[in-house]
Every structure is written in C-alpha cells, then in structure tokens.
Amino acid sequence: MRGESPALPTAVVSAAGHYLPETVVTSATLEARYDLPPGKIAEKTCIVERRVLTEGATSDLATPAVERCLANRGLDADALDGVIVATISPDYPFPSTATIVQGRIGAVGAWAFDIAAACSGFAYALWLATGMIRSGAARRIVVCGADRLSPITDTEDSKTAVLLGDGAGAVLVERDAPSGLAIVDGELWADGTQTELAYQPGGGSRHPASPETVARRLHFMKMDGRAVRAAGVAAMHAVASTLMDRHALSPSDIRWLVTHQSNGRMIEDVAASLGFPPACTFVNIDRYGNTSAATLPICVSELMAGDTLDPRDRVLLASVGAGFTSASLLLRTLPAD
C-alpha cells in the first residue's frame, strides 16, 4: 500500500488525547539516587522529569487517553469499529489490554487487539488502521500507544532507568473526516537479527517466571544503549528518508519532524541526518522521558491541541523500537471545519 489513491477513502486522524500520571520524578532526584553530578542526566539525555504510575496497570493509562481523544471529537465509544493498543507492558499476557480498554469505555461491538512492536508499536498500529479504513473494513478506529515501563525498569541499571517514564496517547482514525491529519503514506521496517539490543528476557515462553529468573533479574528491560542509539538513528533516517524521497520532499516542505522520544541527543542526531532544523523538530522528552509506544501519540496529541499546524502542513513521524523495528508515516493537515 503506497500513498493515497483517488479510488480509496482517506484515513484521517480526526482527534487525539493523552494521559500522564500525576507522580513526577525529576532528574535531580535520580541524580541524587545514583550519585551523579547535578545536571548530568539532562546534559546526556535532555530529560528533566518523567511521570510514573505508582499504582495500576497500562490500561489505567490507556483508558483515560482514549476517553479524552473521543471527548475531543465529541464521539461516543459505541461508534467505534475497533480498538488497537500498542504496548510492551500489557496488563496481562492475555487477554489483550485493548479488550480491557474496549470494555471500560463501552465500545459495544468493537473488535480489539494489541500490537507489540515496542517503541514503533504506535506507528505500526496507525498504518494498520489506515489500511483497514482505506479498504472499507472499518470507519472509525481508535489507536492507542500506552506503556507502564516503571515495573520492568531495572533500578540497578542507572543508564537505562533515567530514560524511562509511563504514559499513553490515543488518536481517532476516521474514514474521510473533513478535518485533522490525513495519513498520506507509511513505511515499516524490521531486522530480527538485532533482537537482543533491547529486550525483556524473562516472563515469556523461553524463560518462564521462576525463582532463578527473578534472581537473575531477567524480568527487567535489558538495553545496550550505545548500540541502540547508533542503530536507531540509522533506522529512523532510513524509513523517514524513504518517504521523503518517494514524495520528492525536502525538510523545507515539512512543518514538523516528530520522532520517537527516546533520548534527546538521539532525536538531535536523527533530525541532523535528515536536514531538519531544531525549530521544526517536535520535542517533549524533557517533560516525559521515553514512554515507549506512547511517545508518538502524545506528541501528536500536543500538536493537535496547539496552534502550530496550518492547513496543508505536512508532519513526518519516525520511530524505532526493540525487535529491531522502525516505521515512518507522512501526514498532511486538512482544512478546519
């Protein structure tokens, strides 16, 4: 599926919403915990604070994000055809977190499922929803990226722990909606030879929970930060530049580059590699940290709630995640009602 076609319906992000838990953990607090010099975390990552859900599960982040999205559109949940939740921290191994959200919001009759593509999960899910809208299989789909990373964060691994936060963002994708962000094109990519750059070894069928896996701390996230940064920059550059080349676009043709909020320095590297100036690169990692699949939809929600988009503006999304996965989507602002 490449680009738009006059014969196909247009998939439009007609509304968005996000939710961040109330508890704030500052970088200053973590610097004291890990005996780091003041300002070191912000210098290395650009993160000043992040949010943590102290009680509950990923569905407790996703549900209010979806409810805010629907409220922003003025739509009842029973008008939805489907619910997709992108997450690597589901409430349970099964059933899906999406079914829990579907039940809580009262989306009667809507199908629901999860996607696990790590930090690329939202972009994967949004492109899948686009295909379903264009094919006529659905009219309205809510796509949510949500992760509660705090329970799987190894507090003994300071290099990883300082990066992560909890949060959720959601968008409503509608067929031929008159306003919002039209989804023009997408590019997905994966390289399964690099699965151990970032992964959670324990808890699956390879290393089921046992006293040994707990003792070895296998149920926490493991990440090779240096390798992830190098591979991640290359992967996001590749998928984003592919879309730009396909549509003969230069950075000056695009209002916003929105990348996965992984690390502030990594965002800078990706933008520089593509030729985007800082003024056209959307960043909120300073306030929320890396929330995995939630970073892109939170960014989109903040963009749509602000006053920085004009009709026919283009927005380029780019993400990278464990797997090793990457994705890029090109969006275009439609005229307001």
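The protein chain has 11 helices and 14 strands, where helices (H or I, at least four residues) and strands (E, at least two) are DSSP runs numbered from the N terminus. The model is predicted: local features need pLDDT of at least 70, side-chain atom pairs count only at pLDDT 80 or more, and totals for chains, interfaces and linings use all residues. Residues are numbered from 1 along each chain as its sequence is written, and side-chain values use heavy atoms, with hydrogens and water left out.

**Exercise 1. Overall form**

Task: Determine whether the radius of gyration of the protein chain agrees or disagrees with that of a compact globule.

Solution.
- Step 1. The globule rule is 2.2 Å times the number of residues to the power 0.38, and the radius is taken over C-alpha atoms.
- Step 2. For 337 residues a compact globule would have a radius near 20 Å; the protein chain has 19 Å, so the two agree.
- Step 3. The C-alpha trace spans about 55 × 45 × 35 Å along its principal axes.
- Step 4. Buried residues account for 55% of the 337; buried means under 20% relative accessible area, exposed over 50%, and partly exposed in between (1.4 Å probe, protein chains only).
- Step 5. Of the contacts (heavy atoms within 4.5 Å) between residues at least 6 apart in sequence, 77% join residues at least 24 apart.

**Exercise 2. The largest nonpolar core**

Task: Identify which residues have the most contacts inside the largest nonpolar core, and which helix gives the most to this core.

Solution.
- Step 1. A nonpolar core is a set of buried Ala, Val, Leu, Ile, Met, Phe, Trp, Tyr and Cys residues joined through side-chain atoms within 4.5 Å.
- Step 2. The largest such core holds 35 residues, and those with the most contacts inside it are Leu126, Val171, Val173, Ile183, Val258, Val315 and Leu317.
- Step 3. Helix α5 (residues 121-135) gives the most to this core, with 9 residues.
- Step 4. Not counting residues up to four places away in sequence, Val258 touches Phe282, Leu296, Cys299, Leu303, Val315, Leu316, Leu317 and Ala318.
- Step 5. In soluble globular proteins, nonpolar side chains tend to be buried together.

**Exercise 3. Threonine 295 and helix α11**

Task: Establish whether threonine 295 is buried or exposed, and what its side chain reaches.

Solution.
- Step 1. Threonine 295 belongs to helix α11 (residues 295-305).
- Step 2. Its relative accessible area is 2%, so threonine 295 is buried.
- Step 3. Its side chain reaches the backbone nitrogen of glutamine 261 at 3.4 Å.
- Step 4. Apart from neighbours within four places in sequence, threonine 295 is in contact with His260, Gln261 and Asn290.
- Step 5. Because 9 of the 11 residues of α11 are buried, the helix is largely enclosed by the rest of the structure. Among them are Leu296, Cys299 and Leu303, which Val258 also touches.

**Exercise 4. Helix α3**

Task: State how far helix α3 reaches and what covers its buried residues.

Solution.
- Step 1. The expected span of a helix is 1.5 Å times one less than its number of residues.
- Step 2. Helix α3 (residues 59-73) has 15 residues and reaches 21 Å from its first C-alpha to its last, close to the 21 Å expected.
- Step 3. Its buried residues include Leu61, Val66, Cys69 and Leu70.
- Step 4. The cover over the buried residues of α3 includes β1 (11-19), α4 (97-105), β6 (140-148) and β7 (166-175).
- Step 5. Glycine 74 follows α3 and has a positive phi, near 70°.

Conventions:
A polar contact is a pair of N or O atoms within 3.5 Å; within protein, one must be able to donate a hydrogen and the other to accept it, and residues adjacent in sequence count only if both atoms are side-chain atoms.
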